[in-house]
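Me: I would like a close look at one part of this model, with the cut-offs behind each term spelled out.

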Amino acid sequence: MRVVIADDSPLLREGVAHVLAENGMEVVAQVGNPEALLRAVVELKPDLAVIDVRMPPTQTDEGARAAVEIRARDPEVALLLLSQVVEAQYALTLLSDHPHGFGYLLKDRVLAIDDFIQSVQRVAAGGTAIDPDVVSQLLGRRREHDPLDELTVREREILGLMAEGRSNRGICQQLFLSPKTVESHVHNIFGKLGITAAADDHRRVLAVLTYLRA
Amino acid sequence: MIRLLAVVLGGVAVVLGVAAYRVQVNNLTPHSWAAAQVVVGWAFVTAGLVAWLRRPANHLGPLMLAAGVAYLARQLRYGEDALLFTVFFLLGDLCYALVAHSILAYPSGRVEGRWPRRLVVAGYATVIGFPLAILLLHGSQLSLTSLVGPQRSLLFVADDAHAVTVLQKAQTAIFYGVLTSLFIALIVLRLVRATPRARRMLAPLLLAAVALALRAAFECFRTFVDHQPLAYPYLFWWQVAAFIALPLALLAGMLRARLARVGVGELVVALDRAPATPQTLQDALARTLADPSLELYFWLPESGDFVDAAGAVASLPSDDAGRAVTMLEQDGEPVAAIVYDPSLLEEPELVESAGAAARLALENARLHAQTRAQLRQVRESRHRIASAADDERRRIERNLHDGAQNRLLALALELSAAQRRLGDEADPEVDRLLAASVEELQSTVEELRTLARGLYPTVLTEYGLAAALEALTHRSPVPVQLDVYSERLPAQVEATAYFVASEALSNIIKHANATRGSIAASHEGGWLVIEIVDDGRGGARAGGGSGLQGIADRVEALGGRFGIDSGPDGTRIGAEIPCAS
């Protein structure tokens with residue numbers, strides 16, 4: 001898998017490159033600003049771009065804007081946005097525009113290497129990775145007459161994993177459950193919340209997140 | 001001296017009036033007409049006397065007086081006595097020139113401008129020159145003034161009846177046609193160009209003047225176009241009415257100045273009663289001087305600036321700005337400046353007496369203005385401080401993310417790389433230490449993130465208040481209903497509203513013991529209105545270094561309002577923040 005990394009902090013860029021390389025990925029370019037990123041994507045045609053949301057010159061959302069541009073020009077390139085802060089609103093805006101091959105994670109996730117690599121692979125394969133912090137913001141939000149109260153502890157756990165973008169198989173591995181059990185949990189959750197089951201995993205993520213945000 | 005002269009001239013006018021009346025009645029003029037002419041003359045004489053006595057330095061009084069005397073004397077030409085006829089035929093028309101002169105000289109007594117002066121000179125030349133030429137050529141025994149009996153000129157040198165007729169028509173054409181038209185044009189021009197206050201003051205007199213001038217112009221029409229003998233009575237009363245209106249308008253002007261001086265007295269009383277703030281003082285002076293455009297500027301000795309009634313630093317209008325300025329001083333130091341309509345310059349003593357009456361109050365008002373100016377400065381600096389604090393928070397937040405957090409994360413990555421490199425060969429103690437360090441770093445990054453969010457949430461900068469409040473309520477353990485407008489407002493306004501909500505919410509979470517809350521923010525009429533309500537046990541108050549006090553200060557620094565209503569049934573915290581800054 002060929003990866004381009006864009007982050008204006010060389011130290012961190014180097015660290016992430018290292019982690020990816022150690023896990024058998026080929027880091028074809030490391031860049032420090034949006035222009036260089038766009039150029040690298042055009043020239044090198046990577047499978048995945050790992051992008052820091054904040055980059056020069058204004059250090060606000062240059063990275064995210066570059067991601068939108070890459071998606072418009074070259075929809076085959078999967079995008080993984082890393083950020084110092086993750087916000088549900090932001091995640092949903094970006095996700096509803098790019099439901100395919102998209103990830104949005106806190107930078108810290110790099111430290112949990114196995115999980116991080118899994119997310120990278122999932123995104124590169126066209127799946128979704130939404131930061132657990134975004135999901136817990138949404139799940140942890142208190143509502144009056146909360147339908148989430150109807151869910152069992154296990155079901156809440158599975159709902160969270162779905163919202164992060166994990167497939168049923170991923171959930172099985174994570175929780176050491178059989179595929180059948182997971183499927184029946186998912187069925188129950190959708191029934192209790194009144195969400196229509198979606199055809200593929202990334203549409204399912206969007207449906208779940210939208211439900212949670214509402 | 002003037003009084004004596006006035007009494008004498010008044011007596012002359014009475015005698016002249018009586019004589020004029022008798023001459024006319026003898027000529028079979030109706031009594032009412034004769035009496036009306038005398039009333040016109042006396043009206044001018046009276047107005048002239050009053051004006052002269054009140055303002056001896058102003059030529060207007062003597063001018064009006066002369067016009068009245070001439071008007072009365074003019075009637076003496078309608079007799080058969082050769083001397084009276086000759087003298088008053090020669091001088092009788094002077095009264096018209098004098099009336100026109102008076103009007104053009106109103107109110108200063110001087111005729112200002114090249115064209116008005118030329119007109120006055122031409123008027124005198126016409127009313128003297130033509131009668132003189134006519135008298136020289138009037139040899140017949142016929143009447144020159146449409147009377148029955150013969151009138152003989154004592155200045156007769158050659159007889160040319162045709163030339164007399166031509167001269168009479170020429171006088172009419174020039175005086176009632178050309179000069180009168182010019183007169184009307186000048187009056188209208190003056191009305192148009194006058195400042196609003198001057199226009200109000202001049203209007204009655206000048207309108208009467210125009211009415212009279214139109215009557216005069218009609219004389220031209222009667223002579224050359226259509227004689228219309230039937231219209232004569234109407235024209236006569238039109239003339240009388242306009243002639244009487246003129247001195248009345250003048251008297252009214254004088255009386256108004258007197259009333260204004262009474263107003264100064266009232267000003268003193270009013271200022272004594274009401275608190276003399278800069279604004280009330282300015283209003284009172286504007287009322288007294290009948291000039292709504294009047295402005296007061298107060299001198300601040302410390303800063304060496306003038307400030308207006310609202311306390312804003314202002315500079316006095318320049319000389320060519322069409323405004324008049326009077327400095328009020330105390331012990332040689334300026335206290336204030338009155339800026340007013342230049343038409344008031346014609347009544348300088350009025351401005352001065354009003355200024356003098358207001359002097360005590362002015363000193364008070366100046367202190368007020370000074371306080372206001374200081375208050376305004378303090379407000380502006382509070383605003384600047386709040387905004388500088390915001391910028392600083394944002395800068396620190398950015399530096400935390402892009403500096404410390406990134407470095408710590410990179411460090412953690414390196415340590416965990418080292419840990420993996422060592423793999424199973426590592427000393428278990430080293431392995432544990434490395435793992436613990438990575439964990440420690442990770443939680444440090446987490447803490448920094450929370451700290452940065454409290455300083456200035458990224459989402460507020462990038463997505464605005466609605467998104468930031470949504471993120472805020474996501475983290476709240478108490479369910480919070482959110483109802484927020486969606487458009488973006490200036491950063492400082494959004495930040496202030498955010499911190500109001502954030503502080504109120506943390507109050508709800510920490511102290512209120514509430515089961516639910518709500519945040520509503522709307523944007524209407526240039527104000528952001530935000531209200532945070534909970535159903536807790538109350539007890540929230542601003543004061544003592546509480547967070548709410550800091551928030552209240554912040555809102556007020558932007559010129560907004562902040563309020564807390566807290567009772568056993570819950571707390572309601574509201575702020576209104578102006579959006580323009």
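Which residues does Ala49(A) touch, not counting residues up to four places away in sequence?

Reply: This is a predicted model, in which local features need pLDDT of at least 70 and side-chain atom pairs count only at pLDDT 80 or more, while totals for chains, interfaces and linings use all residues. Residues are numbered from 1 along each chain as its sequence is written, and chains are lettered from A and ligands numbered from 1 in the order in which they are written.

With residues up to four places away in sequence left out, Ala49(A) touches Val4(A), Ala6(A), Leu37(A), Val41(A), Ile70(A), Val77(A) and Leu79(A), contact being taken as C-beta atoms, placed from the backbone, within 7 Å. Ala49(A) is also, with Ile51(A), Leu80(A), Ala497(B) and Ala501(B), among the residues that touch the most other members of the largest nonpolar core, which has 112 residues; such a core is a set of buried Ala, Val, Leu, Ile, Met, Phe, Trp, Tyr and Cys residues joined through C-beta atoms within 7 Å. The largest share of this core, 11 residues, is supplied by helix 14 (residues 491–512) of chain B.

Two of the partners of Ala49(A), Leu37(A) and Val41(A), are buried in helix 2 (residues 34–44) of chain A, as is Pro34(A). Here buried means 20 or more other C-beta atoms within 10 Å of a residue's own, exposed 12 or fewer, and partly exposed in between, with C-beta atoms placed from the backbone; helices (H or I, at least four residues) and strands (E, at least two) are DSSP runs, numbered from the N terminus. Seen down the axis of helix 2 of chain A, the buried residues fall within an arc of 55 degrees, so they line one face of the helix, where the arc is that of the directions from the helix axis to the C-beta atoms. On the other side of helix 2 of chain A, Val42(A) and Glu43(A) are exposed. The cover over its buried residues includes strand 1 (2–6), strand 2 (26–31), strand 3 (48–52) and helix 3 (62–73) of chain A.
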